[in-house]
Amino acid sequence: MKMKTHPKAKTVYIMIGLAMTAGILAAGNISASEGAESPSETARMTSTIHWLGHDSFRIDGDGIVIYIDPYKITDGPKSDLILITHDHKDHASPEDVAKIQHSETTIVAASAAAAKFQGRIQTVKPGDKLNIKGISIEAVPAYNTNKFRSPGVPFHPQESGYVGYILTVNGIRIYHAGDTDAIPEMKSVHCDVALLPVSGIYVMTAEEAATAAAMIHTKIVIPMHVGKGTGSLEDAERLKTISSVPVTILPME
Ligand SMILES: [Zn+2]
C-alpha cells in the first residue's frame, strides 16, 4: 500500500514545486519588465536627455553639459563636451557649435568632420574608447547597407569611418546611433537608452529601427532623425506601435 501512495504523493509535491517555481519566475519577469517600462524608471533613464530635433541632443550630467550633433539649435547652456558623428551639414554644423562652444569645450568628432571645427578637438574612429572630463565614450560604427546616393554609393559608406557614440552619464548608458542602417555590430551594443533614426531615405526606416531595437541590448528606445526637415513624427509614432522594445518619444525642445 505504501508503495502506491508514495509515488502519488511525490508527484503531487513535484507538481506543487513546479507551480511555485513557475509562479516565482513569472513574478520575477513581471517585476523586471515593469521596472524597464514603468513611467518612473523611464523618467529616471531619460531625465538628463533633451531632444533638440533631428539628431541633436543636449545631455545634462552632474556638472557637465554634453551636446551631440547640434543642428538648428537656439542658444542654450554652454557645452563642456560636443560629440559629432560625421561631416554632413545636419550633424557637423560650425554655426551651431559656435552658439555653445567656449574656450574649455572639447569637441569629439569623427575624423571626416574634425576639420570643420576649431578649438580642442579629439578625432575618433569606430572602436575608439576614451574618457573625457569623467565621461566614458565609445565610438561605434555607423553606415548604410541599403540607402544609396547613386547606384553602389551609400550616403554613409562604412569606409568613411562615421560613428555613433555610447556614453555613460550619471550611470545611464546612452547609445546615439548616428546616421546608420540596422547593422550587425548593433548586436554587441549594451545600453539603457538607444537613440535611433527612423526617417528612412538616408537612414533606417521605422520598420528597420524596430529590427535594430530588437538586436540592441537596450531598455528603451528614443526615435530621432525627424522633426527638422527629414522624416516626420509619424515615423516616430510608427516605431512606437511596432517595436518590441518600449519607445519614448521625447518632446522637441
Ligand atoms: Zn548623414
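Hi everyone. Let me start with one pair of residues: Val169 stands opposite Ile172 in β12. This is a predicted model, so please keep that in mind as we go through it. That pair belongs to a longer match, in which β11, covering residues 163-169, and β12, covering residues 172-176, run antiparallel and are joined by five bridges.

Now let's step out to the sheet around them. Which strands sit beside β11 and β12? The order is β7-β8-β11-β12-β13-β14, six strands in an open sheet with mixed pairing. At the edges are β7 (129-132) and β14 (220-224), each of which pairs on one side only. From one strand to the next, the twist averages 20°.

For the overall picture, the protein chain has six helices and 14 strands. Of its 253 residues, 39% count as buried. If we take the contacts with a separation of 6 or more, 55% of them come from residues 24 or more positions apart.

Next, the helices, and I'd like to begin with α6, residues 233-242. Its buried residues include Asp235, Ala236 and Leu239. Why do they fall on the same side of α6? They cover an arc of only 100° around the axis, and that puts them together on one side. On the face turned away from that buried side, you'll find Glu234 and Thr241, which are exposed.

What do the buried residues of α6 pack against? Their partners are α5 (206-215) and the edge strand β14. Turning to α5, its buried residues are Ala206, Glu208, Ala209, Ala210, Ala212 and Ala213. These pack against β13 (193-197), β14 and α6.

So how are the two helices arranged? In general, two packed helices are described by the angle between their axes and the distance between the axes. Here the axes of α5 and α6 come within 9 Å and cross at roughly 45°. The two helices are therefore oblique to each other, and α5 passes α6 in a right-handed crossing. On the α5 side, the contact is made by Ala206, Glu207, Ala209 and Ala210, and on the α6 side by Asp235, Arg238, Leu239 and Ile242.

Let's move to another set of strands, with β4 (residues 81-84) as our guide. In a regular strand, side chains alternate between the two faces of the sheet. In β4, Leu81 and Leu83 point one way, Ile82 and Ile84 point the other way, and all are buried. β4 pairs in the parallel sense with β3 (residues 64-68) over three bridges, and Leu81 is the bridge partner of Ile66. β4 also runs parallel to β5 (residues 106-110), joined by four bridges. There, Ile82 has Ile107 as its bridge partner.

Finally, two residues to look up in the viewer. Most residues other than glycine have a negative phi. Asp69, which is not a glycine, has a positive phi of about 45°. You'll find Asp69 in the loop between β3 and β4. Is Asp69 buried or exposed? With 29 other C-beta atoms within 10 Å, Asp69 is buried.

The second one is Lys133, also not a glycine, with a positive phi of about 55°. Lys133 is in the loop between β7 and β8 (135-141), and that brings us back to the open sheet. Lys133 is partly exposed, with 13 other C-beta atoms within 10 Å.

That's my tour. Thanks for listening!

Key: Residues are numbered from 1 along each chain as its sequence is written. This is a predicted model: local features need pLDDT of at least 70, side-chain atom pairs count only at pLDDT 80 or more; totals for chains, interfaces and linings use all residues. Two strands pair if DSSP finds at least two bridges between them. Axes are lines fitted to C-alpha atoms, for helices over the stretch in contact, and angles run from 0 to 180 degrees between N-to-C directions. A residue is buried if 20 or more other C-beta atoms lie within 10 Å of its own, exposed if 12 or fewer, and partly exposed in between; C-beta atoms are placed from the backbone. The arc is that of the directions from the helix axis to the C-beta atoms. Two residues are in contact if their C-beta atoms, placed from the backbone, lie within 7 Å. Angles under 35 degrees count as roughly parallel, over 145 as roughly antiparallel, 65 to 115 as roughly perpendicular and the rest as oblique. A crossing is left-handed if the near helix is turned anticlockwise from the far one by less than a right angle, and right-handed if clockwise.
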